[in-house]
Amino acid sequence: MSKKIAIKIDVDTKRGYAEGVPNMLDIFHKHDVQASFFFSMGPDNSGKAIRRIFRKGFLSKMLRTKAPSTYGLKTMMYGTLLPPPQIVKPNPAPLLRSLQEGHACGVHCWDHVYWQDKLPHLTEEKIREHLTLACELFTEITGDKPRFCGAPGWQVTADSLKVQQEFEFDFCSDVRGYEPFYPVMEKQNFMPLQIPGTLLTMDEVLGANGINDDTIVDYWLKNCDKQWNVWTIHAEMEGLSKLFILDEFITKAKQQGFEFVLLKEGKNLPDIKKCRVYQGFLPGRAGTLALQSDPLN
Ligand SMILES: [Zn+2]
């Protein structure tokens with residue numbers, strides 16, 4: 001049986017959505033590969049992410065990954081010097097094209113920056129309100145309910161898991177870990193299944209330990225060392241200035257015998273266990289994020 005890689009694409013900004021997604025679709029078409037997209041559906045408040053500058057590690061990450069040149073200066077002003085534009089509503093084409101070309105599409109959030117920066121302080125009602133806005137717009141545009149969701153910045157609380165459970169998604173991908181699992185948080189069991197990302201992301205590893213544009217694909221493929229691997233990429237990076245890395249990754253992975261599958265195939269893996277979701281740290285990322293524990297009992 002060939003080893004599998006599921007590509008998870010987070011779409012965080014208007015530019016990533018409008019330009020990065022079509023670029024990525026061209027690459028997927030060229031290689032005949034299907035991927036799973038998570039769309040930020042509402043306003044692009046990227047400029048407010050500047051607030052994170054006061055958090056440990058953010059500035060060094062911004063400089064290391066050359067974020068201003070990657071994201072574009074305009075994107076970095078949305079929500080501060082410029083009003084936040086709506087991402088999907090005025091321009092449904094990239095979402096619709098992704099569906100038409102056989103990719104799996106779900107929601108990332110309504111407002112990425114808001115969720116990522118404020119989740120621990122949000123009431124259950126506020127979380128529900130935001131997720132409802134995202135899901136309703138998705139349904140309005142595509143005619144179908146979104147079947148999956150993935151939290152911005154891997155920010156998770158027991159309340160957010162509870163609200164996501166109400167939407168009866170087929171799976172969620174909110175956590176970083178090593179294999180699909182049933183989540184337990186604050187001693188409560190939640191549905192649906194979590195299908196976590198298994199590799200560090202480009203912004204976490206680029207520039208660290210001698211990893212650069214020329215070596216990052218080999219680094220990732222070396223770490224696709226299990227039967228099931230989930231590679232998380234961003235429309236703002238691997239869809240724009242780092243598009244050549246997406247192309248190279250797929251080419252080399254195919255040469256090495258990997259098979260590309262949709263994230264939902266993680267539901268079919270045997271012997272899925274319960275694991276705790278906890279807040280922890282990953283190298284190269286500022287602040288905490290949701291991680292998968294060792295299996296329970
Ligand atoms: Zn995101």
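The secondary structure of the protein chain, taken here from a predicted model, comprises ten helices and twelve strands. The radius of gyration of the chain is 18 Å, close to the 19 Å that the globule rule gives for 297 residues, so the chain is as compact as a globular protein of that length. Taken along the principal axes, the box filled by the C-alpha atoms is roughly 45 × 45 × 40 Å. Of the 297 residues, 57% are buried, and the accessible surface of the chain comes to about 12800 Å², with 54% of this area belonging to carbon and sulfur atoms. When contacts between residues at least 6 apart in sequence are considered, 75% of them join residues at least 24 apart.

The interior contains a largest nonpolar core of 75 residues, within which Ile7, Ile9, Phe28 and Met41 touch the most other members. Helix 6, spanning residues 124–142, supplies the largest share of this core, namely seven residues. A second core, separate from the one just described, is made up of twelve residues and includes Ala6, Phe171, Leu193 and Leu262. The surroundings of isoleucine 7 can be listed in full: leaving aside neighbours within four places in sequence, this residue is in contact with Phe28, Val33, Ala35, Ser36, Trp231, Ile233, Ile250, Phe260 and Val261.

A zinc ion is present in the model, coordinated by Asp12 through OD and by His108 and His112 through NE2, at 2.1 to 2.3 Å. Along the chain these donors follow the spacing D-x95-H-x3-H. Aspartate 12 lies in the loop between strand 1 (4–11) and helix 1 (14–31), whereas histidine 112 belongs to helix 5 (residues 112–118), so the pair ties together parts that are 100 residues apart in sequence. Both aspartate 12 and histidine 112 are buried. Aspartate 12 is also among the residues touched by histidine 234, whose contacts, not counting residues up to four places away in sequence, are Asp10, Asp12, Met24, Trp154 and Gly239. Histidine 234 lies in strand 9 and has a relative accessible area of 7%, which means that this residue is buried, the limit being 20%.

Strand 9 (228–234) also takes part in the packing around helix 9, whose buried residues rest in addition against strand 1, helix 8 (202–205) and helix 10 (243–255). The buried residues of helix 9, which covers residues 216–223, are Ile216, Val217, Tyr219, Trp220 and Leu221. On helix 1, alanine 18 is partly exposed, with a relative accessible area of 32%. Leaving aside neighbours within four places in sequence, alanine 18 is in contact with Asn91 and Pro94. The C-alpha atoms of alanine 18 and leucine 161, which are 143 residues apart along the chain, are separated by 29 Å.

Strand 11 is paired with two other strands. With strand 6 (residues 181–185), strand 11 (residues 273–280) runs parallel, and the two are joined by four bridges; in this pairing phenylalanine 181 stands opposite lysine 273. With strand 12 (residues 289–295), strand 11 runs antiparallel, and five bridges join the two; here glycine 280 stands opposite leucine 289.

Several details of the backbone are found in loops. A cis peptide bond, with omega of about -5 degrees, joins methionine 191 and proline 192, and proline 192 is located in the loop between strand 7 (188–189) and strand 8 (193–194). Lysine 187, in the loop between strand 6 and strand 7, has a phi near 65 degrees, which is a positive value in a residue other than glycine. The side chain and backbone of this residue are not considered separately here, but lysine 187 as a whole is exposed, with a relative accessible area of 83%. A positive phi, of about 60 degrees, is likewise found at aspartate 271, although this residue is not a glycine. Aspartate 271 is placed in the loop between strand 10 (259–261) and strand 11, and is exposed, with a relative accessible area of 58%.

Definitions and conventions:
Residues numbered from 1 in each chain as written. Predicted model: local features only at pLDDT ≥ 70, side-chain atom pairs only at ≥ 80, totals over all residues. Heavy atoms only, no water. Core = buried A, V, L, I, M, F, W, Y, C linked by side-chain atoms within 4.5 Å. Buried < 20%, exposed > 50% of the residue type's maximum accessible area, 1.4 Å probe, protein only. Contact = heavy atoms within 4.5 Å. Donors = N, O, S within 2.8 Å, 3.2 Å for Na, K, Ca; no water. Pairing = 2+ DSSP bridges. Rg over C-alpha atoms; globule rule 2.2 N^0.38 Å. Areas by Shrake-Rupley, 256 points an atom, 1.4 Å probe, with all protein chains shown as cover.
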